[in-house]
2 protein chains.
Amino acid sequence: VAGAKLPGEFELIGRYFRPLAAGTPGALGLGDDVALVAERAGSELVVTADAVVAGVHFLREDPPDLVARKMLRVNLSDLAGKGAEPVGYLMTLALPADTTEPWLARFCQGLAADQAEFGIGLLGGDTTQTPGPATLSVTALGRLPAGSAPARSGARQGDAVWVSGTLGDGALGLRCLRDEFAGLDAAAAASLIDRYRLPRPRLALGIALRKSGLVHAAMDVSDGLVADLGHICEQSGCSAEVAMERLPIGAAARAALAIKPDAIEEVFAGGDDYELLFTAAASSAEAIQAIARETGVALTMIGRIGQGRSVVLRDAAGRVRPTERTGYKHF
Amino acid sequence: VAGAKLPGEFELIGRYFRPLAAGTPGALGLGDDVALVAERAGSELVVTADAVVAGVHFLREDPPDLVARKMLRVNLSDLAGKGAEPVGYLMTLALPADTTEPWLARFCQGLAADQAEFGIGLLGGDTTQTPGPATLSVTALGRLPAGSAPARSGARQGDAVWVSGTLGDGALGLRCLRDEFAGLDAAAAASLIDRYRLPRPRLALGIALRKSGLVHAAMDVSDGLVADLGHICEQSGCSAEVAMERLPIGAAARAALAIKPDAIEEVFAGGDDYELLFTAAASSAEAIQAIARETGVALTMIGRIGQGRSVVLRDAAGRVRPTERTGYKHF
């Protein structure tokens, strides 16, 4: 029955969560309150946590497998920003009383698919009921050699600013879901929506960049390019100038922008990109392009680090583009 | 203004959360998406996660500092069950729009107090808004020598069953908050309510027990004695018999039970105890009592591990006490 109540927590664990932990020895079969992670000499664990709420970060009617995968991938993208190898994750689920077992089954199918894709396993967590909307929290663990994580504070004057993949797709995809692009080719809309629902954490690229030793500062773009580049500038004590005509925009996004040119804001301030943003010496450009070829992810040099503290967007004619939006507001 | 909206996420971080991370070098001042935990050869990290929801696990009108401390202590109690040294924690907060800054300030004061008490620091997290009730999730990290964590599955036939402190106080305290013990001495009620609101994670005791090497199986009591002893029996493939007259009951709980004798259920099935439950060879009794003296926490031998799979409570006359409640139902 679609509206049937969920079974008890121990049944849920046995039926849905334990299989997700089967490949994670330290998860102890989820038969304990804790999980164990063997430590390795000379390594650092990278930990990150994010919460998503139904009606805020996703819609109640969204496909539950995609909700699960996005929840996981947003955290994996944080690990990618540091070039960490993913290790595992814990998850706490506060679920409304009307959550159905088919919903939870599809949710866990999504997790299983991404566990296989990214080579991670469930370590533990907690499931509880809520009178409010579904509220899902993930803590992801990754690993890298001690001292090798690129900081946000490492950008240097004269550095080139690089970004992976294309920008704006996710934010434009959300607007497609809101039917804001009447007349947009269905395949283009589907592609943008897919980018919104299913981020591509750039783990292999992040690891290759970290191993190269060429990166001075790095992070993933989740709040929008201007906001996140602003974080690097703030912590590195520098400014950045971005050439708007260099911003990597995919074919589907170009089709959407042809309908609403003002939506270009989504490209530099929309958020939900989950691409990598980093700086490196200008002289490293060729080596970085080689990494792009090796990993199969496009890398584009979009600007330059300078003095001061601001982030400036400049158009092809040399005019400064004013931007009010500095990314996603959490409050 | 009491009803004023919270400031933006970055202001919140700077004003309230960054000070909590000041003593945690790997937290990177919360200026990054991730935290770094240096790994140690020969050690294991112990990780555990729990979520609490306003209106389910605490009341909206509960003092926010106590909400914060209980949220943290419930996780620390899981670490205590393994004898882990606490390292740090991550926290995700989904807060309603009407959350006030004074509420958050007191919430963080509670965290600061417990960080000092237990020697831990904030590593990272996420704050977001929710249209529902406040939903708070913590992932706690602890550490112990690799291979030294007592499992739930280690109980052996003939083992003695031990429990720390006193049982039932927290569950009786909740019923005091619901005014179910008319006529109970105010000091007794206050003491029980305090135990409900402020669990005492038995970290020092857990560490001493783990170091002793005497413990065969261990966990903290959070779902109620019968339910949690049931978990040990299930995973160890054994049964347990508990002598009801041996259950450690404090003076305040005795006063409450004098008013409502049926409330004895809370002692063995109420939950919210956060005491340690463990098994050890009967011959270790003297050494275990020495640990109780060293750590200043009472330890009581309450029963025996046997064959089969059940948990049986037997009263002083030798009669089996039927129990339907096997602890807190999460769904």
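These are my notebook entries on how two chains, a sheet and some helices are arranged in this structure.

**Entry 1: the two copies.** I kept in mind from the start that this is a predicted model. I looked up how chain B relates to chain A, and found that a rotation of 180 degrees, with 0.0 Å of shift along its axis, superposes chain B on chain A with an RMSD of 0.0 Å. I noted this as the relation of a two-fold axis. I then turned to the contact residues, and saw that the same surface serves both copies, since 100% of the contact residues of chain B recur in chain A.

**Entry 2: the sheet in chain A.** I traced an open sheet of 7 strands in chain A, which follow the order β7-β9-β6-β10-β8-β11-β12 with mixed pairing. Which strands stand at the edges? I found β7 (215–221) and β12 (320–321) of chain A there, each with a single partner strand, so one side of each is left without a neighbour in the sheet. Looking further in, I saw that strand β6 (residues 160–164) of chain A runs antiparallel to strand β9 (residues 275–280) of chain A, and that 4 bridges join them. In this pair I picked out Trp162(A), which stands opposite Phe278(A) in β9(A).

**Entry 3: helices on the sheet.** I next asked which strands helix α2 (residues 64–82) of chain A touches where it packs on the sheet. I found contacts with β7 and β9 of chain A, and the direction of α2(A) makes about 170 degrees with that of β7(A). Helix α7 (residues 225–236) of chain A also packs on the sheet, where I listed β6, β7, β8 (239–243), β9, β10 (299–306) and β11 (311–314) of chain A as the strands that it touches. The direction of α7(A) makes about 145 degrees with that of β7(A).

**Entry 4: a helix pair in chain A.** I returned to α2(A) and looked at its packing with helix α6 (residues 203–212) of chain A, where the axes are 7 Å apart and the angle is about 20 degrees. I therefore recorded α2(A) as roughly parallel to α6(A), and I noted that α2(A) passes α6(A) in a left-handed crossing. On the α2(A) side I found Leu76(A), Leu79(A), Ala80(A) and Lys82(A) making the contact, and on the α6(A) side Leu203(A), Gly206(A) and Arg210(A). Sorted by class, the residues of this contact are 4 nonpolar, 1 polar and 2 charged.

Terms used: Residues numbered from 1 in each chain as written. Chains lettered and ligands numbered in written order. Predicted model: local features only at pLDDT ≥ 70, side-chain atom pairs only at ≥ 80, totals over all residues. Heavy atoms only, no water. Least-squares fit on C-alpha atoms with pLDDT ≥ 70 in both. Contact = heavy atoms within 4.5 Å. Pairing = 2+ DSSP bridges. Helix = DSSP H or I, 4+ residues; strand = E, 2+ residues; numbered from the N terminus. Axes fitted to C-alpha atoms, helices over the stretch in contact; angles between N-to-C directions. Parallel < 35°, antiparallel > 145°, perpendicular 65-115°, else oblique. Left-handed = near helix turned anticlockwise from the far one by under 90°. Nonpolar A, V, L, I, M, F, W, Y, C, P; charged D, E, K, R; others polar.
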